[in-house]
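I am opening a notebook on a structure that is new to me. The entries below follow the order in which I looked things up.

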Amino acid sequence: MSAQPATPTGPVEPLRAQSDVARRAVVTGAILLAGGTAVAGCGGSSGADAAGSSSAAPGGVIVKLADVPVGSAVSAEVSGKRVIVAQPTKGKVVAFSAVCTHQGCTVSPAGAMLNCPCHGSVFDALTGKNLSGPAPSPLPPVPVKLNAAGDGVVAG
Ligand code: FES
């Protein structure tokens with residue numbers, strides 16, 4: 001006939017589970033915020049780079065050729081969609097979707113590589129090929145070419 005309360009382990013387990021859920025929510029939120037910051041940061045720099053060369057400009061210059069290093073890539077925007085524009089060899093331009101094929105985060109150029117901040121996938125910045133990490137496939141190509149003057153990258 002004891003009137004002892006329930007063992008303390010009963011209520012502790014649900015609290016621990018709730019704590020894990022809350023921790024995941026915080027981590028997820030932090031990742032989303034970081035992604036949003038990266039997008040905003042890139043959007044800002046893209047806008048700064050694109051003075052007179054945004055997709056709204058006549059001729060649709062996505063980025064100036066001089067702003068795309070040979071053998072590397074930059075982030076840009078085409079019709080509101082994030083893209084990566086690369087210059088594999090002098091005067092040759094290619095572009096890829098900047099949306100990671102794993103779970104849709106935005107990849108960022110890092111020299112000749114593109115890094116996904118979410119789960120560590122790495123892509124070749126010059127081909128879009130997935131090199132490592134969980135991304136199951138290459139980044140989809142986006143058709144681009146040089147404008148008539150040869151100094152700007154345009155859709156096409
Ligand atoms: S979303 Fe890019 S590696 Fe997971």
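**Entry 1: a residue to begin with.** Leaving aside its neighbours within four places in sequence, which residues is Val 153 in contact with? I looked this up in what is a predicted model, and I found Val 61, Ile 62, Val 63, Leu 65, Val 68, Val 85, Val 93, Val 144 and Leu 146 as the contacts of Val 153. I then checked its place in the pairing of strands, and Val 63 stands opposite Val 153 in β10.

**Entry 2: confidence.** Before reading further I noted how far the prediction can be trusted. The mean pLDDT of the protein is 75, and 62% of its residues reach 70 or more. Over residues 1-56, however, the pLDDT is below 50, and this stretch has 27 contacts in the model beyond near neighbours in sequence. Where pLDDT is low, predicted coordinates should not be read in detail. I therefore leave the details of residues 1-56 aside, their pLDDT being below 50.

**Entry 3: the overall plan.** I counted the elements next, and the protein has 1 helix and 10 strands, which run α-β-β-β-β-β-β-β-β-β-β from the N terminus on. Buried residues make up 28% of the 156 residues in the protein. Among contacts between residues at least 6 apart in sequence, 42% join residues at least 24 apart.

**Entry 4: the sheet that holds β10.** I followed Val 153 back to its strand and found an open sheet of 3 strands, in the order β1-β10-β9, with antiparallel pairing. Strands β1 and β9 stand at the edges, each with a single partner strand, so one side of each is left without a neighbour in the sheet. The twist averages 30° from one strand to the next. Between β1 and β10, which run antiparallel, I noted 3 bridges.

**Entry 5: the loop before β10.** Is Asp 151 buried or exposed? Asp 151 lies in the loop between β9 (144-146) and β10, and it is exposed because only 12 other C-beta atoms lie within 10 Å, where a residue counts as exposed with 12 or fewer. I also looked at what lies across from this loop: Asp 151 touches Lys 64, Leu 65 and Ala 66, not counting residues up to four places away in sequence. The C-alpha atoms of Asp 151 and Lys 64 are 6.0 Å apart in space, although the two residues are 87 residues apart in sequence.

**Entry 6: the nonpolar core.** Which residues touch the most other members of the largest nonpolar core? Of its 32 residues, these are Ile 62, Val 83, Ile 84, Val 85, Ala 95, Val 144 and Val 153. The elements that give two or more residues to this core are β1 (61-64), β2, β3, β4 and β10 (152-155). I set beside this a general remark, that in soluble globular proteins nonpolar side chains tend to be buried together.

**Entry 7: the hairpin of β2 and β3.** I turned to strand β2 (residues 73-78), which is mostly covered, with 5 of its 6 residues buried. Strand β2 pairs with strand β3 (residues 81-89) in the antiparallel sense over 6 bridges, and Ser 75 stands opposite Ile 84 in β3. The two strands form a hairpin with 2 residues between them. In its turn, Ser 79 has a phi near 50°, a positive value in a residue other than glycine. I noted this since most residues other than glycine have a negative phi. Ser 79 counts as exposed because it has 11 C-beta neighbours inside 10 Å.

**Entry 8: a buried loop residue.** Where is Ala 98 placed? I found Ala 98 in the loop between β4 (92-97) and β5 (108-110), and it is buried, because 27 other C-beta atoms lie within 10 Å, where 20 or more are needed. Leaving aside its neighbours within four places in sequence, Ala 98 is in contact with Ser 75, Arg 82, Val 83, Ile 84, Thr 106 and Val 107. Its C-alpha atom is separated by 9.4 Å from that of Pro 109, 11 residues apart along the chain.

**Entry 9: the other open sheet I looked up.** Here 4 strands have the order β5-β6-β7-β8, with antiparallel pairing. The edge strands are β5 and β8 (130-132), each of which pairs on one side only. Neighbouring strands of this sheet are turned by 40° against each other on average, direction ignored. Within the sheet, 3 bridges join β6 (residues 113-115) to β7 (residues 122-124), and Met 113 stands opposite Asp 124 in β7.

Technical notes: Residues numbered from 1 in each chain as written. Predicted model: local features only at pLDDT ≥ 70, side-chain atom pairs only at ≥ 80, totals over all residues. Contact = placed C-beta atoms within 7 Å. Pairing = 2+ DSSP bridges. Axes fitted to C-alpha atoms, helices over the stretch in contact; angles between N-to-C directions. Core = buried A, V, L, I, M, F, W, Y, C linked by C-beta atoms within 7 Å. pLDDT = per-residue confidence, 0-100.
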